[in-house]
Amino acid sequence: MLSRATINHWLCEHDPRRLEELWAEADRTRSAWVGDAVHLRGLIEVSNHCVRACHYCGIRAENAGVTRYRLTHEQVMTAARAALAFGCGTVVLQAGEDRGLSAGAVAAMIRGIKALGDIAVTLSLGERSDVEFAQWRAAGADRYLLRIETSNETLYRAVHPPRGRQPSERKAMLARLRALGYAIGSGVLVGLPGQTWSDLADDIVFLEERALDMIGVGPFIAHPATPLGAQPAEAGGTEQVPADELTTCKVMALARLACPWANIPSTTALSALDPERGRESGLKRGANVVMPNFTPLPYRAFYEIYPGKAACGDEPDRVAERLKDRITRLGRPIAAGRGDAVRPVESAPVCA
C-alpha cells in the first residue's frame with residue numbers, strides 16, 4: 001500500500017533525475033504484474049447526446065453548436081467487426097449520458113458484439129439505473145467505466161451540476177456495479193480548476209482503496225464552447241495542480257503502484273498535449289492499454305469533448321495501424337486476448 005508520505009513526495013518532486021526513479025518503478029511494476037504486451041481496446045463513440053451540463057465538456061447539453069448523432073445498431077456492429085479484425089480484445093461502447101440510448105438498444109449491441117467471438121465489452125455510458133446496469137450485465141457486458149474525475153465532492157459539484165434534483169452518486173454506483181459482477185474502472189482529471197495537491201493525493205488513495213480493475217488518468221482540457229473553456233485560466237497559486245503532461249504522468253505512475261494489476265490506458269488526452277510523444281510517455285510510465293478509435297469517420301469530429309480530441313481526419317483503420325506501429329517501435333508487443341485484470345484476493349475493495 002502506498003503511504004500518503006510517498007504519494008506527496010512524488011507529487012511534489014520536480015527533479016527529472018529523481019523522477020526517473022518513479023518512471024522506472026512504475027514500468028517495472030507494470031511489467032511484473034500485467035506484462036509487456038499492450039492491450040488494444042476498440043473505442044466506439046455510440047452517441048454524443050448528453051443530459052449533463054459539465055462545465056468543461058464539449059458535448060454538454062447546453063452546447064447548441066454540437067451536431068448530435070446516435071449510431072445505429074448496424075453502424076456499431078460494423079465498427080465492432082473492424083475492431084475485432086484489427087486485433088482488439090475489447091470493444092468499448094462510450095457515449096454521453098444519453099436518455100435516448102435505450103437500455104434495450106444497448107443490450108442488443110452487447111449481445112451482437114459478444115456473438116462475434118471471445119471479446120470483452122466495456123461500457124462507459126455515465127450514470128444509469130441499477131435496473132439498466134443489471135440488464136446490460138445479463139446481456140454479457142464485462143466491465144463498466146465510471147470516472148469520478150475528483151474524489152473531492154465539493155470540487156466535483158462545482159464543475160458537474162446535478163441532473164435536476166438528482167445528486168451524483170458515482171462512488172456508491174461503483175460499489176453496486178462490482179456487486180453485479182462487473183469489472184469496474186474509474187479515473188481522475190489532473191488540474192481541475194480549484195484542485196489542490198492534497199485533493200490529488202486523496203484521488204490516488206481513493207483509487208487504491210477501491211482496488212479498481214481499470215484506471216483512467218488524464219489532464220484537464222476544457223472545450224472552448226464551455227463555461228470553463230470560455231474564460232481565461234486564473235492563476236491558482238502554489239496549491240493549484242497544473243493540467244500538464246508531467247503531473248498527469250506522475251498520477252498515472254502512482255496509480256500503477258497503487259493498483260499494480262489494473263489496466264491503465266495511455267490516453268488520447270496525453271496525445272493532445274504532446275502529439276509526438278504523449279502516447280509513448282504514458283506507456284513508459286505505467287500504462288498497458290491503448291484505445292484506437294473505430295467510431296465511423298463522419299461522426300468522430302462530433303464527439304469533441306475537448307479540443308484536439310478528434311483532430312485526425314484519417315480513416316479509423318489507418319489511424320489504428322499507425323498507433324500499432326508506434327507501440328512496436330517502443331519494443332512492446334501487441335497483446336492477444338481480452339486482457340482481463342486479475343486482482344489478488346487480498347485486495348478486497350472498500351465499498352462506499
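What follows is a walk through a few helices, their contacts and some individual residues of this structure. Keep in mind that the model is a predicted one.

Let's start with helix α3, which covers residues 73-86. With 14 residues at 1.5 Å each, α3 should span 20 Å, and its end C-alpha atoms are indeed 20 Å apart, so the expected and modelled lengths agree. Part of this helix is tucked away: V76, M77, A79, A80, A83 and F86 are its buried residues. Just after α3 comes G87, and this glycine has a positive phi, near 115°.

Next along our route is helix α4, residues 103-114. Its 12 residues reach 16 Å from the first C-alpha to the last, close to the 16 Å expected at 1.5 Å a residue. Which residues of α4 are buried? They are A103, V106, A107, M109, I110, G112 and I113. These buried residues have plenty of company, as they pack against the strands β1 (39-47), β2 (90-95) and β3 (120-124), and against the helices α3 and α5.

The pairing with α5 is worth a closer look. Helix α5 takes in residues 130-139, and its axis lies 8 Å from that of α4, at an angle of about 20°. Angles under 35 degrees count as roughly parallel, and that is why α4 is described as roughly parallel to α5. As for handedness, α4 passes α5 in a right-handed crossing. On the α4 side, the contact is made by A103, G104, V106, A107, I110 and R111, while α5 brings E132, Q135, W136 and A139. Sort the residues of this contact by class and you get 6 nonpolar, 2 polar and 2 charged.

Now jump to another pair, helix α2 (residues 16-34) and helix α10 (residues 245-258). Here the axes come within 9 Å and cross at roughly 40°. The two helices are therefore oblique to each other. The crossing of α2 past α10 is left-handed. From α2, the residues in the contact are L19, L22, W23, E25, A26, T29, R30 and V34; from α10 they are L246, C249, K250, A253, L254, R256 and L257. That contact divides into 10 nonpolar, 1 polar and 4 charged residues.

Helix α10 also has a partner in α8. The axes of α8 and α10 come within 9 Å, crossing at roughly 30°. So these two are roughly parallel to each other, and their crossing is right-handed. In this meeting, W197, L200, I204, L207 and E208 of α8 face T247, V251, L254, A255 and A258 of α10. By class, the tally is 8 nonpolar, 1 polar and 1 charged.

One of those residues, A258, makes a good stopping point. A258 sits in helix α10, and it counts as buried because its relative accessible area is 6%. Leaving aside residues up to four places away in sequence, A258 touches L2 and E208. For a sense of scale, take A139, one of the α5 residues in the contact with α4. A258 and A139 are 119 residues apart along the chain, and their C-alpha atoms are separated by 32 Å.

Two loops deserve a visit as well. Most residues other than glycine have a negative phi. E149 has a phi near 70°, a positive value in a residue that is not glycine. You'll find E149 in the loop between β4 (143-145) and α6 (153-159). Is E149 buried or exposed? Its relative accessibility is 11%, so E149 counts as buried. A211 has a positive phi too, near 50°, and lies in the loop between α8 (197-209) and β6 (214-219). At 2% relative accessibility, A211 counts as buried.

Our last stop is R279, in helix α12 (residues 278-284). R279 is buried, with a relative accessible area of 11%. What does R279 touch, not counting residues up to four places away in sequence? Its contacts are S266, T267, T268, S271, V290, M291, L323 and R326. We can also look back from here to A26, one of the α2 residues that meet α10. R279 and A26 are 253 residues apart in sequence, and 16 Å apart in space from C-alpha to C-alpha.

Note on methods:
Residues are numbered from 1 along each chain as its sequence is written. This is a predicted model: local features need pLDDT of at least 70, side-chain atom pairs count only at pLDDT 80 or more; totals for chains, interfaces and linings use all residues. Side-chain values use heavy atoms; hydrogens and water are left out. Axes are lines fitted to C-alpha atoms, for helices over the stretch in contact, and angles run from 0 to 180 degrees between N-to-C directions. Helices (H or I, at least four residues) and strands (E, at least two) are DSSP runs, numbered from the N terminus. Angles under 35 degrees count as roughly parallel, over 145 as roughly antiparallel, 65 to 115 as roughly perpendicular and the rest as oblique. A crossing is left-handed if the near helix is turned anticlockwise from the far one by less than a right angle, and right-handed if clockwise. Contact means heavy atoms within 4.5 Å. Ala, Val, Leu, Ile, Met, Phe, Trp, Tyr, Cys and Pro count as nonpolar, Asp, Glu, Lys and Arg as charged, and the others, Gly among them, as polar. The expected span of a helix is 1.5 Å times one less than its number of residues. Buried means under 20% relative accessible area, exposed over 50%, partly exposed in between (1.4 Å probe, protein chains only).
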